[in-house]
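Let's take a walk through a protein model together, one piece at a time. Keep the picture open and follow along as we go.

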Amino acid sequence: MAEEEERVLQEEFRWLLLHEVSAVLRQLQTVLQECSKWFLLPGSTESCLVKAEKYLLTSATGADNVKAVITLYGDNICTADMSVKIHRHSTQNFRTSFREGLQWKLQAIQNAANHLQAALDHVTSIEPGYQFQTGEEVLKTMDDIMGRLNRGRDCLTTPRKRTLEELYSSKIMKMFSPTLPNEVIVSFHIHCHKLVLGAYQVHPLQSSSQKPKTALPAIYHPTGSVFELGSQKYEVTQANKVEVAVPWLNDVITYFTVGLQLCQQLKDKITVFQQYWKE
């Protein structure tokens, strides 16, 4: 590399470390602060955008086996009124709601909020005007922030969902009044920008049944899924799903993505300089 070219690159790199890194951090802080307004975080101010909203969950196919109206406040479903068609010898329409004072915690939203807070804390811990000394220092900082943002976004886009075993034996199945019939399991969960309710009717299998247990938990458990409690196997004989788009969750995912893009673009610029010097 020619001496003059080396000098120009060094100057451009110093300018990047001195000015562009701090500019990106300011942008990143603004994006994450905007995102945080949609969560109930410690120290939430009057700028917090969280409010109680009522939603009607419906089937994408138009089926009416399950209907639900819920009130969502942050990461909690505060109220839920549901009707589920139960197929026994004849079809029965079972109606139920949450017992007074009980709420369904949407852990995916809470987890996303925790990762966002960790990313925001990291950004704000960097003093304004702090001078990064090396590209490696910038890359490590971006990697740390991106790790938190990726985990936060993943909580919403690829959430862990309770298995049928966990749900069937969980106390949350007892939070309804009237109490859910023994053969009915319900599950509220987040998937991307949607709130989803899965309703399952199950029955115990004969001990001689050779049907294998369903290998992996999924976002939605289809008819025919098999799970096991102790030595007893159960099969899903009826599976229904209703859902609703939650606009602010779409905004949150967008903010996470924009934050990740800002970090990646800065990393790419650092890497370009490093590649020049390797050559």
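**A tour of the model**

Let's start at Ser231, which sits in the loop between β9 and β10. Those labels come from DSSP: helices are runs of H or I with at least four residues, strands are runs of E with at least two, and both are numbered from the N terminus. Before going on, note that this is a predicted model, where local features need pLDDT of at least 70, side-chain atom pairs count only at pLDDT 80 or more, and totals for chains, interfaces and linings use all residues. Residues are numbered from 1 along each chain as its sequence is written, and side-chain values use heavy atoms, with hydrogens and water left out.

Is Ser231 buried or exposed? Its relative accessibility is 75%, so Ser231 counts as exposed. The scale works like this: buried means under 20% relative accessible area, exposed means over 50%, and partly exposed is in between (1.4 Å probe, protein chains only). Now look across to Thr163: this residue and Ser231 are 68 residues apart along the chain, and their C-alpha atoms are separated by 17 Å.

The strands on either side of that loop belong to an open sheet of four strands, in the order β7-β8-β10-β9, with antiparallel pairing. At the edges you'll find β7 (184–191) and β9 (226–229), each pairing on one side only. From one strand to the next, the twist averages 35° (axes are lines fitted to C-alpha atoms, for helices over the stretch in contact, and angles run from 0 to 180 degrees between N-to-C directions). What does pairing mean here? Two strands pair if DSSP finds at least two bridges between them. Strands β8 (residues 194–204) and β10 (residues 232–245) have eleven bridges, in the antiparallel sense. To see one, find Leu197, whose bridge partner in β10 is Val242.

Next, head to another group of strands. Strand β2 (residues 66–73) runs antiparallel to strand β3 (residues 76–87), and eight bridges join them. Tyr73 stands opposite Asn76 in β3. The two strands form a hairpin with two residues between them, and Gly74 in the turn has a positive phi of about 65°. β3 has other partners too: seven bridges join β3 to strand β4 (residues 91–98), again running antiparallel, with His87 matched to Thr91 in β4. Strand β5 (residues 104–105) pairs with β3 over two bridges, also in the antiparallel sense, and here Ile77 stands opposite Trp104.

Now for a helix. Helix α1 (residues 3–36) has 34 residues, so at 1.5 Å a residue the helix should span 50 Å; its end C-alpha atoms are 48 Å apart, which agrees. (That expected span is 1.5 Å times one less than the number of residues.) α1 also bends by about 40° at Leu16, where the bend is the angle between axes fitted to the seven residues ending there and the seven starting there. Glu20 is in this helix as well, and Glu20 counts as buried because its relative accessibility is 18%. Leaving aside residues up to four places away in sequence, Glu20 touches Trp15 and Lys269, where contact means heavy atoms within 4.5 Å.

Finally, how many disulfides does the structure hold? Zero, where a disulfide is a pair of cysteine sulfur atoms within 2.5 Å. Take Cys48: the closest cysteine sulfur, in Cys35, is 12 Å from its own, so the two are too far for a bond.
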